[in-house]
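Open your viewer and get ready to click along. We will go from the whole chain to single side chains, one selection at a time.

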Amino acid sequence: MSRRKRGAPPAPARSTPRRPAVSPPIGALVAERRLIAAVLAACGVHARDREDVLQDVLMAAWRAVQEGRYRPDPRADPRRALQGWLRGITWRQAGHHLGRARVRREVPVDDPRALVGEGCVDLEGRLLARAALRALVALPAQDGELLLAAAGPQTITACARAHRLNPATTARRLHAARKALADRIARRSW
């Protein structure tokens with residue numbers, strides 16, 4: 001904490017605000033709907049919920065304005081100050097929304113251990129696996145066989161013996177096959 005110089009006015013009490021409260025009209029808040037929607041999308045709020053969360057953001061902002069909690073820097077551009085303040089509110093409201101159980105798709109059950117035996121179906125993972133298998137099938141037959149053999153519990157040396165190849169040659173071919181598969185998967189823009 002710095003000391004006050006002689007003759008300087010005393011520092012204001014901590015309970016007094018340093019900046020005056022500003023009360024922008026509700027129209028100024030509503031005019032920033034596109035910004036709020038973009039921040040919600042960036043935070044990961046699903047499209048079906050964005051309009052509801054946007055309303056929550058506007059209500060929270062308006063409540064804060066009514067309570068005198070909007071105190072922008074008087075030297076800053078008013079619109080930029082308002083946008084920055086709304087970004088903060090939007091970020092917090094998105095966090096509250098994403099933390100709700102219904103958004104996380106939690107289902108209350110009497111005995112959670114009863115569900116342990118059931119497998120969890122990840123649809124996106126299934127689609128990615130199918131696409132990877134299609135890319136694997138599209139490779140030349142010897143590359144596909146080599147990749148499948150290497151995916152098993154065998155070592156590269158055992159795989160080389162099975163194909164009657166030098167282990168270094170097998171490693172080189174395996175590297176080339178993995179690169180070809182990665183290129184095919186990358187070409188498919190998900």
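The stops below start with an overview and then move to pairs, a packed helix and a charged patch.

**The whole chain**

Keep in mind that this is a predicted model. Show the protein as a cartoon and look for its secondary structure: there are 9 helices and 0 strands. Following the elements from the N terminus, you meet α-α-α-α-α-α-α-α-α. Now switch on a surface. About 14,600 Å² of the protein is exposed, and carbon and sulfur atoms supply 55% of that area. Of the 190 residues, 25% count as buried. Contacts also tell you about the fold: among those between residues at least 6 apart in sequence, 66% join residues at least 24 apart.

**Glutamate 32 and arginine 79**

Side chains of opposite charge can pair when their charged atoms come close. The count for this model comes to 5 salt bridges. Select glutamate 32 and arginine 79 and show their side chains: they meet in a salt bridge, with 2.8 Å from N to O. This pair links distant parts of the chain, 47 residues apart. Glutamate 32 sits in the loop between α1 (26–30) and α2 (33–43), while arginine 79 belongs to helix α4 (residues 78–98). Is glutamate 32 buried or exposed? Its relative accessible area is 4%, so glutamate 32 counts as buried.

Stay here and add glutamine 83, which is also in helix α4. Leaving out residues up to four places away in sequence, glutamine 83 touches Glu32 and Leu35. Glutamine 83 is buried as well, because its relative accessible area of 14% is under the 20% cut-off.

**Two more salt bridges**

Next, select glutamate 67 and arginine 69. They form a salt bridge whose closest N and O atoms are 2.8 Å apart. Glutamate 67 is exposed, with a relative accessible area of 53%.

Then jump to aspartate 183 and lysine 179, where the closest N and O atoms of the salt bridge are 3.4 Å apart. How many residues separate aspartate 183 and lysine 179 in helix α9? They are 4 residues apart in that helix (residues 167–187), so about one helical turn lies between them. Aspartate 183 counts as partly exposed, at 35% relative accessibility.

**Helix α7 and its neighbours**

Color helix α7 (residues 141–151) and show Asp143, Gly144, Leu146, Leu147 and Ala149, which are buried. Which helices do the buried residues of α7 pack against? Show α6, α8 (156–162) and α9, and you have the partners.

While α6 is on screen, select alanine 131, which lies in this helix (residues 123–138). Alanine 131 counts as buried, at 4% relative accessibility. Try a distance label from alanine 131 to arginine 184: from C-alpha to C-alpha they are 9.8 Å apart in space, although 53 residues apart in sequence.

**A patch of positive charge**

For the last stop, return to the surface and select Arg48, Arg100, Arg102 and Arg105. These residues gather in a patch of positive charge. Zoom in on arginine 102, found in helix α5 (residues 101–104). Why does arginine 102 count as exposed? Its relative accessible area is 57%, and exposed means over 50%.

Methods. Residues numbered from 1 in each chain as written. Predicted model: local features only at pLDDT ≥ 70, side-chain atom pairs only at ≥ 80, totals over all residues. Heavy atoms only, no water. Patch = residues over 30% accessible without salt bridge, like charges linked within 9 Å, V, L, I, M, F, W, Y side chains within 5 Å. Areas by Shrake-Rupley, 256 points an atom, 1.4 Å probe, with all protein chains shown as cover. Salt bridge = Lys/Arg side-chain N within 4 Å of Asp/Glu carboxyl O. Lys, Arg positive; Asp, Glu negative; His and termini not counted. Charge placed at Lys NZ, Arg CZ, Asp CG, Glu CD. Helix = DSSP H or I, 4+ residues; strand = E, 2+ residues; numbered from the N terminus. Buried < 20%, exposed > 50% of the residue type's maximum accessible area, 1.4 Å probe, protein only. Contact = heavy atoms within 4.5 Å.
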